[in-house]
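User: I would like to learn how to read the secondary structure, packing and burial of a model such as this one. Could you take me through it feature by feature?

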Amino acid sequence: MEAKLLPQSRSPIATALRRIHKQGCSSIVAVLARPEANIAGITEKLILKPAESKTEVAPKTSVYNDNWFDLMAINYLSQSLQSATGLKSRKSGYESFLEATSMMSKKFNPNRQKELVIQTLDSVIPKIILNMIKTLLPQSQFTREYFAAFTTVFFAWLVGPSEVKESELNGRREKNVVHVKKCRFLEQSNCVGMCINLCKMPSQAFIKDSLGMPVNMVPNFDDMSCEMIFGQDPPASNDDPAFKQPCYKLCKANQKHTVKCSS
């Protein structure tokens, strides 16, 4: 019976089974044979599944191992933001800071967000120290380079690793640029609006008004890097390329609230 069934199929699998049978294998092997159409269907599914699974892979994010100083600074800033806004986060560490800023972006308009961040920064740094820095360090090449170096050393916990770079200012080269390789806040918030309204705009205003130092913060929303150019005034909002950047497709605020989070 089996010798008659196997020759009826002209598929490669049937041919292989015939050869195995001649070599002395059990006749039960013939039960494993399937119609040629079904075999093709199974093969097609096996090929398609890996291709479909690639779209489900989430992008990797940077991993930070915060030390005791980092955690102290993060928690202090987070608690100060919560005190200024009346909002509360039950989380700790950088997650607490992210949750506090996320709640701010949802509850307040962009102008109010900027005001609250500036109010928070004024509260965490004593006024006497701000006035002293402004008086003792008037704008000069030394001050611009000092600000750049200070930022790279003491604010990695907030924005991630950075380095000092040169730029041309007033016809000469100086090390007045902080290049943030991949902004921690932008990467983990994944929100253009939070970057602009809770970091860029209030930081520019605070450093200029409280420390007497103009600074232009230029985020790159493609690779999530950023440059802080000390000594350079930022463009007006209407001319600033950052305000022309649309929300990320995976922006949580944009998805959940259907708002243009940078406007």
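Analyst: Let us begin with a definition: two strands are taken to pair if DSSP finds at least two bridges between them. The model is a predicted one, and in β4 the bridge partner of V218 is E227. That residue pair belongs to the antiparallel pairing of β3 with strand β4 (residues 225-230), which extends over six bridges.

User: What is the overall inventory of helices and strands in the protein chain?

Analyst: The protein chain holds twelve helices and four strands. Of its 263 residues, 38% count as buried, and its accessible surface comes to about 16,500 Å², with 57% of that belonging to carbon and sulfur atoms. Among contacts between residues at least 6 apart in sequence, 55% join residues at least 24 apart.

User: In what order do the strands of the open sheet lie?

Analyst: As a general idea, strands of a sheet pair through backbone hydrogen bonds, either parallel or antiparallel. Here four strands form an open sheet in the order β1-β2-β4-β3, with antiparallel pairing. The edge strands, each of which pairs on one side only, are β1 (162-169) and β3 (215-220), and the twist from one strand to the next averages 30°.

User: Which helices pack on the sheet, and at what angles?

Analyst: Helix α8 (residues 141-154) packs on the sheet and touches β1, β2 (172-180) and β4, its direction making about 20° with that of β2. Helix α11 (residues 192-211) lies across β3 and β4, and runs at about 160° to β3.

User: How many bridges join β1 to β2, and what should I look for where the two strands connect?

Analyst: Seven bridges join these two strands, which run antiparallel, and one of the pairs to look for is L169 with its bridge partner R172 in β2. The hairpin of β1 and β2 has two residues between the strands, and within it N170 takes a positive phi near 55°. At 71% relative accessibility, N170 counts as exposed, because the cut-off for that class is over 50%.

User: Where is N190, and is it buried or exposed?

Analyst: N190 is found in the loop between α10 (184-189) and α11, and its phi is near 55°, a positive value in a residue other than glycine. At 17% relative accessibility N190 counts as buried, whereas N170 counts as exposed at 71%.

User: How should I read the geometry of α11, and where does it bend?

Analyst: A useful approach is to compare the length of a helix with its expected span and then to look for a change of axis. With 20 residues, α11 reaches 26 Å from its first C-alpha to its last, close to the 28 Å expected at 1.5 Å a residue, and the helix bends by about 30° at P202. After α11 comes G212, whose phi is positive, near 75°.

User: Why is α11 described as largely enclosed by the rest of the structure?

Analyst: The description rests on a count of buried residues: 18 of the 20 residues of α11 are buried, so this helix is largely enclosed by the rest of the structure.

User: What is R144 in contact with, and is this residue buried or exposed?

Analyst: R144 is found in helix α8, and with a relative accessible area of 5% it is buried, because the cut-off is under 20%. Leaving aside neighbours within four places in sequence, R144 is in contact with Q139, L169, N170, E174, K175, N176, M213, F230 and G231. Two of these contacts have appeared above, namely L169, the bridge partner of R172, and N170, which lies in the loop between β1 and β2.

User: Which residues do L77 and S80 touch?

Analyst: An α-helix has 3.6 residues a turn, so residues three or four places apart point the same way. In this structure L77 lies in helix α4 (residues 68-85), and S80 lies in helix α4 as well. L77 counts as buried at 13% relative accessibility, and S80 is buried with a relative accessible area of 13%. Not counting residues up to four places away in sequence, L77 touches F97, T120, W157 and L158, while S80, counted in that way, touches T120 and V124. The C-alpha atoms of L77 and L158 are separated by 9.7 Å, although these residues are 81 residues apart along the chain.

Notes:
Residues are numbered from 1 along each chain as its sequence is written. This is a predicted model: local features need pLDDT of at least 70, side-chain atom pairs count only at pLDDT 80 or more; totals for chains, interfaces and linings use all residues. Side-chain values use heavy atoms; hydrogens and water are left out. Axes are lines fitted to C-alpha atoms, for helices over the stretch in contact, and angles run from 0 to 180 degrees between N-to-C directions. Contact means heavy atoms within 4.5 Å. Buried means under 20% relative accessible area, exposed over 50%, partly exposed in between (1.4 Å probe, protein chains only). The expected span of a helix is 1.5 Å times one less than its number of residues. The bend at a residue is the angle between axes fitted to the seven residues ending there and the seven starting there. Accessible areas come from the Shrake-Rupley method with a 1.4 Å probe; for residues, only the protein chains shown count as cover.
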